[in-house]
Amino acid sequence: MRYLPLTETDRSEMLGVIGAKSVDELFRDVPERARLAGLVDLPRRQGEMEVDRALSKMAARNVSAGSVPFFVGAGAYRHHVPASVDHLIQRSEFLTSYTPYQPEITQGTLQYLFEFQTQVAMITGMDVANASMYDGSTGCGEAVLMAHRVTKRKKAVLSGTLHPQYAEVVKNLSDFADYELDVMPPALPGRPEDIAAHIADDTSCVVVQSPGFFGELVDLRPIAEAAHAKGALLIAVVPEIVSLGAVTPPGDMGADIVVGEGQSIGNGLNFGGPYVGLFATRQKFVRQMPGRLCGETVDADGKRGFVLTLSTREQHIRREKATSNICTNSGLCCLAFTIHMSLLGEEGYKRLARINHAAAVDLAERLSKVPGVEILNRAFFNEFTMRLPGSAADVVDALADKGVLGGVPVSRLLPGAGFDDLLIVASTEVNTDADRAAFAAALVEVL
Amino acid sequence: MSGMNKQGRPTSIAVGGSAARETFTGNRALQLEEALVFELDNPGACGVDLDEPTPFTARLGGFERQGRIGLPSVSEPEIVRHYVRLSAKNYSIDAGLYPLGSCTMKHNPRLNEKMARLPGIGDIHPLQPMKTVQGALELMDTLAHWLKELTGMPAVALSPKAGAHGELCGMMAIRAALIARGEDEARSRVLVPESAHGTNPATAALLGYKVESIPVTTEGRVDLAAFKATLGPDVAAIMLTNPNTCGLFERDIIDIADAVHEAGAYFYCDGANFNAIVGRVRPGDLGIDAMHINLHKTFSTPHGGGGPGAGPVVFSAALAPFAPRPYVVHGADGFRLVETAEDAKADGTTPFGRMTAFHGQMGMFVRALAYMMSHGSDGLRQVAEDAVLNANYVLASLKDDLSAPFEGPCMHEALFDDRFLKGTGVETLDFAKAMIDEGYHPMTMYFPLVVHGALLIEPTETESKQAVDLFIATLKDLARAAKSNDKERFTGAPYLSPRRRLDETAAARSPVLRWAPPAPKQAAE
């Protein structure tokens with residue numbers, strides 16, 4: 001087997017040193033009835049060519065986003081990732097190293113984590129950020145737990161702007177950890193929520209997403225004021241992180257914790273994962289933060305270096321008293337984010353955001369001219385919701401048959417909730433004018 | 001400006017321990033100093049070419065961002081050089097043996113990387129119409145089949161994002177089952193051996209359970225009698241790692257499982273060490289109810305400097321009905337995801353909820369499946385055998401030079417304690433740091449906690465005998481040096497790495513967690 005270097009000669013020599021007659025002897029502590037005599041019922045080994053062929057065949061059964069006019073968003077977005085990003089993250093020294101527990105020989109990882117934390121803090125307008133979470137949705141759950149620790153309260157209010165699957169993740173965690181939730185109904189654009197009315201003296205935090213699930217931008221300032229007046233925190237969720245190149249960051253609107261999905265920068269769609277959760281907060285809450293943190297220090301020669309720090313919050317030290325059970329972060333996806341963001345820089349990031357906004361505005365204009373289509377949003381970034389004359393799921397199906405991946409029917413995430421005629425569509429820099437024209441033309445045909 | 005204008009001046013090894021000459025740049029040949037990307041800022045430069053959109057009327061509703069963000073401006077060649085230079089400061093499994101116990105740092109095949117980057121895998125959206133992702137769903141279904149066969153368990157949840165997330169998923173299923181039985185209130189305790197990973201007690205505590213420690217015997221295994229005495233009608237579950245963190249197989253595991261079930265509780269197994277038994281022992285045959293599998297350990301997906309991982313959880317028949325959404329089913333019209341509570345109701349199942357948005361770590365699924373298919377049933381069995389053989393070879397070769405707290409055979413990792421360092425003035429940490437100068441990543445230190453000054457070595461099956469022999473010879477030499485009073489080789493180590501020991505205390509005392517621009521200079525006087 002090509003990945004196994006030991007030869008039969010090696011094995012018998014090693015058994016000799018150990019003083020065992022056979023490998024079976026080394027498994028003698030396994031209860032006899034649990035030792036498998038033969039092979040499990042699975043195919044035998046295969047060469048690289050055969051595995052490549054089998055998996056390529058599966059891959060070929062999928063319609064890849066780059067092969068068609070593509071407008072699917074709702075929490076994951078297709079952007080152009082510069083070629084150098086994927087090349088650099090595949091360097092062995094990044095790809096095949098472990099968590100940087102030995103800082104003397106992992107300064108590469110530690111320094112990019114420090115750069116990542118700085119970039120995330122800068123774009124969200126917050127003081128500090130951690131070295132990432134699994135993804136936006138799990139980061140959102142952790143943010144609610146953190147708010148409970150900070151406020152010593154147990155009840156969170158979830159705005160109807162929140163992605164339904166994010167809301168489910170928070171609900172799942174809250175249910176099992178015995179915390180309370182006030183889940184507001186889905187907030188369609190044009191129908192502002194009265195979140196303040198839901199904030200009570202026992203509210204720990206309000207969770208608001210902007211751009212919201214339906215694409216609408218939300219004014220966080222009055223919500224922050226209402227929350228702070230009651231001693232509660234505002235958690236702002238940003239699933240499309242490119243938006244912050246164009247939109248006022250949550251940190252400037254009073255957010256106490258910002259959770260983001262960083263997939264859009266540096267990371268592909270990957271059918272939903274791995275992604276990279278962004279997590280930022282105010283300096284005063286840093287010791288209540290979950291996840292890994294990288295900090296600056298000096299070495300024995302006085303040279304600047306970086307280490308994992310404040311680990312007394314973490315499970316490997318604190319065990320059952322830790323702030324979170326989290327062990328892993330999303331290292332390589334952070335690196336992709338950091339490199340892409342470094343390539344973009346100040347001007348590139350802002351321009352990328354403007355291009356995205358322009359693309360969505362153009363798409364909205366084109367689609368609003370399709371008979372029977374109503375665009376619901378007033379203020380949006382690169383994604384919006386439209387009402388169709390019939391079932392959005394059927395329309396998306398028919399569009400797919402015409403070679404257009406035309407968005408996410410709301411009913412896929414919120415079935416049976418009376419939203420069957422709503423379709424969420426996104427347009428980014430990868431869409432050409434021709435793509436948007438093809439979408440509009442196909443929509444006319446299928447309606 | 002120390003370090004400048006000292007070309008050619010030799011510096012003795014004794015002074016500050018620095019073995020190399022000072023250089024003008026601070027670089028040392030291939031070891032290059034590198035600033036933070038923010039310090040490379042050169043306004044006007046940019047690493048991408050993007051055209052300004054044609055003028056349009058913005059619809060941001062007055063939320064336009066104002067002012068500078070502070071991101072640096074750097075061209076592509078400078079960015080490439082920056083990150084290549086950073087990469088050179090990392091140790092990696094591709095560069096050398098990485099004996100971190102409990103972490104399974106094995107070879108990461110590049111075929112897996114290639115497969116993950118196929119457009120039909122890497123460039124598909126989780127919410128595309130299901131008829132356009134039939135191959136992806138087939139892939140998930142195939143992976144699920146392999147995991148179920150290898151563990152002998154009837155159900156699997158693929159979505160957990162990492163090992164600890166899988167633990168959380170497994171314990172949630174246990175609690176959901178107890179709720180369904182009407183025994184949630186009554187069962188408030190979770191038993192965890194002293195030797196467990198820190199994530200186990202942290203996970204149980206997150207779910208509101210009272211965590212109780214089970215003692216370990218002098219043989220490094222769960223004290224069966226003490227364990228049975230702790231069991232009661234108020235116990236929800238036991239969380240056990242097997243093979244355990246001492247690198248030993250829990251001989252009494254079937255008795256433990258029987259006792260757990262007799263008490264009406266569930267058996268959670270931490271599957272971090274599955275590499276030792278894959279293809280040879282099926283956890284389902286041991287009476288386990290739930291176990292997570294770290295795809296980034298046993299199934300070779302790269303650790304990536306600390307993630308992303310993936311932690312699918314297999315379930316027994318008792319817990320299978322509570323496995324979370326989403327999951328893949330195969331119907332008359334192909335594969336389909338059961339995503340929402342409404343879907344599950346129609347499908348007649350009772351999932352406890354959802355662990356994450358979307359469907360899990362697809363990028364890791366494809367890598368793990370490529371690895372499994374490459375090995376096959378025969379190759380995977382060989383994986384366990386060679387992993388165990390390499391570890392026992394290390395144990396047998398070093399037990400007289402280092403000190404081993406428990407009798408072998410071990411499983412996939414060899415545990416040593418610090419008795420061999422007694423009286424030398426060298427501690428476990430120093431010993432490990434000296435390994436860095438010899439070109440090795442240290443083993444896991446001070447874990448498990450049940451052994452004093454623990455050194456836990458996991459060579460994995462992808463190391464050749466030649467590589468393991470050199471590693472053994474190196475540790476023998478270090479042990480000899482420690483015992484013969486060559487203290488300086490250890491207490492100041494490492495001397496030769498890109499950075500020497502870092503001041504972690506200072507880092508924690510006044511944390512600097514982000515770069516800030518230097519304060520503006522005072523106006524010239």
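In this predicted model, buried residues account for 64% of the 525 residues in chain B. The chain contains 14 helices and twelve strands, and its C-alpha atoms fill a box of roughly 80 × 75 × 45 Å along the principal axes. Of the contacts in chain B between residues at least 6 apart in sequence, 69% join residues at least 24 apart. The surface that chain B exposes comes to about 18400 Å², with carbon and sulfur atoms supplying 52% of it.

The charges of chain B comprise 50 positive and 62 negative ones, and the mean positions of these two groups are 4 Å apart. A negative surface patch is formed by B:Asp252, B:Asp255, B:Asp258 and B:Glu262. Within this patch, B:Asp258 belongs to helix 8 of chain B, which covers residues 253-262, and B:Asp258 counts as partly exposed because its relative accessibility is 41%, a value between the limits of 20% and 50%.

Over all chains, the structure holds 59 salt bridges. One of the pairs crosses between chains, running from B:Lys465 in helix 12 (residues 465-483) of chain B to A:Glu13 in helix 1 (residues 8-18) of chain A, and the closest N and O atoms of this salt bridge are 3.3 Å apart. The two partners fall into separate accessibility classes: B:Lys465, at 13% relative accessibility, counts as buried, whereas A:Glu13, at 42%, counts as partly exposed.

Within chain B, a salt bridge with an N to O distance of 2.7 Å is formed by the side chains of B:Arg499 and B:Glu33. This pair links distant parts of the chain, since B:Arg499 lies in the loop between helix 13 (488-491) and helix 14 (504-509) while B:Glu33 lies in the segment before helix 1 (76-87), and the two are 466 residues apart. B:Arg499 is buried, with a relative accessible area of 9%, but B:Glu33 counts as partly exposed at 25%.

A further salt bridge joins B:Glu461 to B:Lys106, with 2.8 Å between the closest N and O atoms. B:Glu461 is located in the loop between strand 12 (455-457) and helix 12 of chain B, and B:Lys106 in the loop between helix 1 and helix 2 (110-116), so this pair ties together parts that are 355 residues apart in sequence. Both B:Glu461 and B:Lys106 are buried. Elsewhere, A:Asp24, B:Arg280, B:Arg381 and B:Glu385 are joined into one network by salt bridges that share partners.

How values were computed. Residues numbered from 1 in each chain as written. Chains lettered and ligands numbered in written order. Predicted model: local features only at pLDDT ≥ 70, side-chain atom pairs only at ≥ 80, totals over all residues. Heavy atoms only, no water. Patch = residues over 30% accessible without salt bridge, like charges linked within 9 Å, V, L, I, M, F, W, Y side chains within 5 Å. Areas by Shrake-Rupley, 256 points an atom, 1.4 Å probe, with all protein chains shown as cover. Salt bridge = Lys/Arg side-chain N within 4 Å of Asp/Glu carboxyl O. Lys, Arg positive; Asp, Glu negative; His and termini not counted. Charge placed at Lys NZ, Arg CZ, Asp CG, Glu CD. Helix = DSSP H or I, 4+ residues; strand = E, 2+ residues; numbered from the N terminus. Buried < 20%, exposed > 50% of the residue type's maximum accessible area, 1.4 Å probe, protein only. Contact = heavy atoms within 4.5 Å.
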